[in-house]
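Here are some short exercises to work through with the structure in view. Try each task before you read its solution.

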Amino acid sequence: MTQTLRTIREVHDAFDQKRLSPMELTREYLRAIGASRHNAFLTVCEERALGQAKVAEALLAREGRVPRERLPLLGVPLAIKDNLVIDSIRTTCASRILENYVPPYTATCVARLEAAGAVTLGKTSLDEFAMGGSNENSAFGPVLHPTHPDRVPGGSSGGSATAVGAGLCVAALGSDTGGSIRLPASYCGVVGVKPTYGGVSRYGLVAFASSLDQVGPMANSVEDAALLLEVMGGHDPRDSTSAVAAATPARDALGEPDWRGLRIGVPEEFFVEGLAPEVERATRAALSWFEKEGAKLVPVRLPHAKHSVAVYYLIAVSEASSNLARFDGVRYGTRPSGEERDLAAFYRKARAGFGAEVKRRIILGTFALSSGYAEAYYRRACQVRRLIKDDFDRAFEKVDLIAGPVSPGTAFKLGEKLTDPLRMYLNDIFTIPANLAGLPALSVPNGKDAHGLPIGLQLLAPQFGEARLLGAAHAFEKGRA
Amino acid sequence: MHPEFEAVIGLEVHAQLSTQSKIFCGCRARLADGTSVADAAVNSNTCPVCAGHPGALPVLNRRVVEYALRAGLATNCRIRTTNVFARKNYFYPDLPKGYQLSQYEEPICEGGYLDVAVSETETKRVRLQRIHMEEDAGKSVHFPGYSLVNLNRAGVPLIEIVSAPDLSTPAEAGAYLRSLHAIVTALGICDGNMQEGNFRCDANVSVRPRGARELGTRTEIKNVNSFRFVEKAIEYEIARQIQLVKGGGKVVQETRTYDSDRNLTLSMRSKEEAEDYRYFPDPDLLPVLLEEAWIEEIRRGLPELPEQKKARFIRDFGIAPADAAILVGSRELADFCEATIAELSRSGMEPRAAGKPAANWLVGELRRLANEQGLEVSQSCLTPGHLADVVRLTQEQVISGQGAKTVIAEAWRTGETIASIVDAQGLRQVSDTGALVPAIDKVIAANPKQVAEFKAGKEKLLGFFVGQVMKETGGKANPALVGDLVRKRLK
């Protein structure tokens, strides 16, 4: 039954028509998770989910119908990426270091979803501390692709992407630092939105790179993603970087877009060597569809975009080296025996618990910030980041949206890139610029390749241009179906 | 002072701000009764933010910025209107996030100065390099074989006030520190309790041949917790460095700690072991933009500063400069003094007549009692009203100076009214000539030799006669009156 109830609208229609109750639906999802071999969940919070479903059921009985305005997520089972904290539910970040960490508070975005009636099924797997693009860096084993078990789901929000794609939840939360929502969304054939930086509170998101991280929705439809964004977005006094005047994308924006005069920028930098021919073909076909609907395609230049990967891997690792310093074995992380000679030995032992990729990034970041090198690496990277943002500002003077591929290819095989970090890093080449510039961007399904693997189309908008972004994606999703 | 060498001293002061809540969260920065959060149950005064829980984020306390501004405006600093917090990265168990949020390249205040009275007649201008805001760390408590961490203090706001190396003697350093202490307490931004660590000082000390332009290698003495110890630590360190250099040795750049029991400084870590703090702007806090109008509002709201108050005490109350300096060094002593003078004015005494005796009692007897009992004057039962009564009764010669001390000690302890203490203890002076004459006659009769000498011109003996009469009257006689009567009698 869950396979037929893919969206929130379908779930609420079923509730209204008494075809199914919130408790039945939640039990069904919990059963599906239990039977699944995808390894998408690290923690299933059955008790919490059933408690919430019970409350939803009572509310529904009283109201007769889902109060869609007041409780727009009533009884909707969601999955939460395991780098978002929930009071009293273990949060691991897929790391041995946090294997037993139980937070005493709840992330703002999760609290807002739950306040709107959502049911939290569990915590989904990720690359350790959200560092990776394949979900193979989890300390608790890789997550499998929803339909091709020999393939990766993409990362780092691979658990959430698989959970949505394999029907283990209605929608999910991910986080996107360099493409961690959009990449797995495109690999798994679901919708994934990275909001404008500051659009969704980061309070309760275990930080990887604070100036790049954003929480966003992953769902089976653009409409669902928009709804989740609307519920959890907006200013949070606990996050200084959350925007006061964040434009929450109303579902109203999903009406018929006014294509006349809508200008879509096509950056030549997004069509480069290494782009898989099938992905390029699908992307060009999507562009033609927009043109046919009445949009105008405009070539744009993002001359500094080619430095994005280099800039990203300096800024992100620098911030990460500091953000992960608190996992020192004193309060969080593996506790050494206490017989170490001195503090240095204590830390050495405690911090050995990180996985290889995390260690690599902490070391890179520590180097990039260190005295004598910070000027050439961290600071230079920040300057180039500014240039990349300026490129987008200039482009958006001429266009309303920018379109391109999400990733150079489709879901690759497990282990294929594991030994070559550089190749893995280059996989983020089209997603990273939006993070560096703080722009909203999404991935919407755009057909499949010859193996039947999903391809994603990426759309980007100016800051707080979520309404326009989601409107166009919604039209594309409907029009291409 | 050494004939061949001179010292160059700069001080870094950490003043804990007395805001209600911590710098980046809503936890208390001081307990309801104003005492230190260190006294709360261990780790009870924490939340996800100050305990450094994963995912928690800082939000800046506006009051901290206001307090830092007060400090900067009171010390003639330039104010930076765009403020950035940086992460100072280092590992230590009582640093919950693995970094301290502080200001690095862009401190809120820069380039101020302080005019410090270094002697009765001389002031010295000490430049301030910067004042910046930062968070305090937790506290490690060490036991044999293990250590425990208390995070109650983590996130309590501090300002660090860094002087230029403009000081050249331990006494100057002490005077600067007292002056700065008086300012932050007068501003109401710091409780200033050095024992509790409200006001901590690190001293940078180097020596060079007298007259040389180049600076010698400096050492930093960490966390000395009293004015006297700061002076002694610097004094020791200067002597140590001079001896080292004269013996052909070299001063090593290092951090040292002061052992007050043995009065010496000891090496903690050398520069080679110094950490690379990898400062970078904290991405969790946006730059803080200060509006000129707000800065001006704070400037206008600044209270009278100690130096201004001192000048007013001398000018309006006729208080001696040395006493005035002591009074304005403590906000509560100064307030006590003013309240006493106000009481006396209400009963018709001129402020200029009231000021001097009030100041004398405060600087002398009351401070002595406070030191003796380890209390503040305000913690005793004695009020400005009491002191005003004492001044008035002494002035009117109703009680003697000795009697006044007894009365003060009693009021300090019990809070009884001065009149009732005077009566209960029979301290009222005998100022009745008729009652004194018999005692004077008795003393004159008993000391013919001294009478002869006095008559022969040995004026000094007057004191002897007065003393004898006092003894005779059980200390109740009015000594001035006795003196007059003796003189008349023996003419």
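**Exercise 1.** Work out why Val363(B) is classed as buried rather than exposed.

*Solution.* Keep in mind that this is a predicted model. Start by finding the residue: Val363(B) sits in helix H8 of chain B, which covers residues 351–373. Next, take its neighbour count: 20 other C-beta atoms lie within 10 Å of Val363(B). Finally, apply the cut-off: a residue is buried if 20 or more other C-beta atoms lie within 10 Å of its own. Val363(B) is therefore buried.

**Exercise 2.** Find which residues Val363(B) contacts once its neighbours within four places in sequence are left aside.

*Solution.* The contacts are Asp323(B), Ile326(B) and Leu327(B). Now look at one of them, Ile326(B). Along the sequence, Ile326(B) and Val363(B) are 37 residues apart, yet in space their C-alpha atoms are 7.1 Å apart. For the wider picture, take the contacts in chain B between residues at least 6 apart in sequence: 69% of them join residues at least 24 apart.

**Exercise 3.** Describe how strands E8 and E9 of chain B are arranged.

*Solution.* First locate the strands: E8(B) spans residues 139–143 and E9(B) spans residues 146–150. Then check their pairing, which is antiparallel over five bridges. As an example of the register, Ser140(B) stands opposite Val149(B) in E9(B). Last, look at the link: the two strands form a hairpin with two residues between them. In that turn, Gly145(B) has a positive phi of about 85 degrees.

**Exercise 4.** Sum up chain B as a whole.

*Solution.* Count the elements: chain B has 15 helices and 16 strands. Then turn to burial: 42% of its 491 residues are buried.

Conventions
Residues numbered from 1 in each chain as written. Chains lettered and ligands numbered in written order. Predicted model: local features only at pLDDT ≥ 70, side-chain atom pairs only at ≥ 80, totals over all residues. Helix = DSSP H or I, 4+ residues; strand = E, 2+ residues; numbered from the N terminus. Buried ≥ 20, exposed ≤ 12 C-beta atoms within 10 Å, placed from the backbone. Contact = placed C-beta atoms within 7 Å. Pairing = 2+ DSSP bridges.
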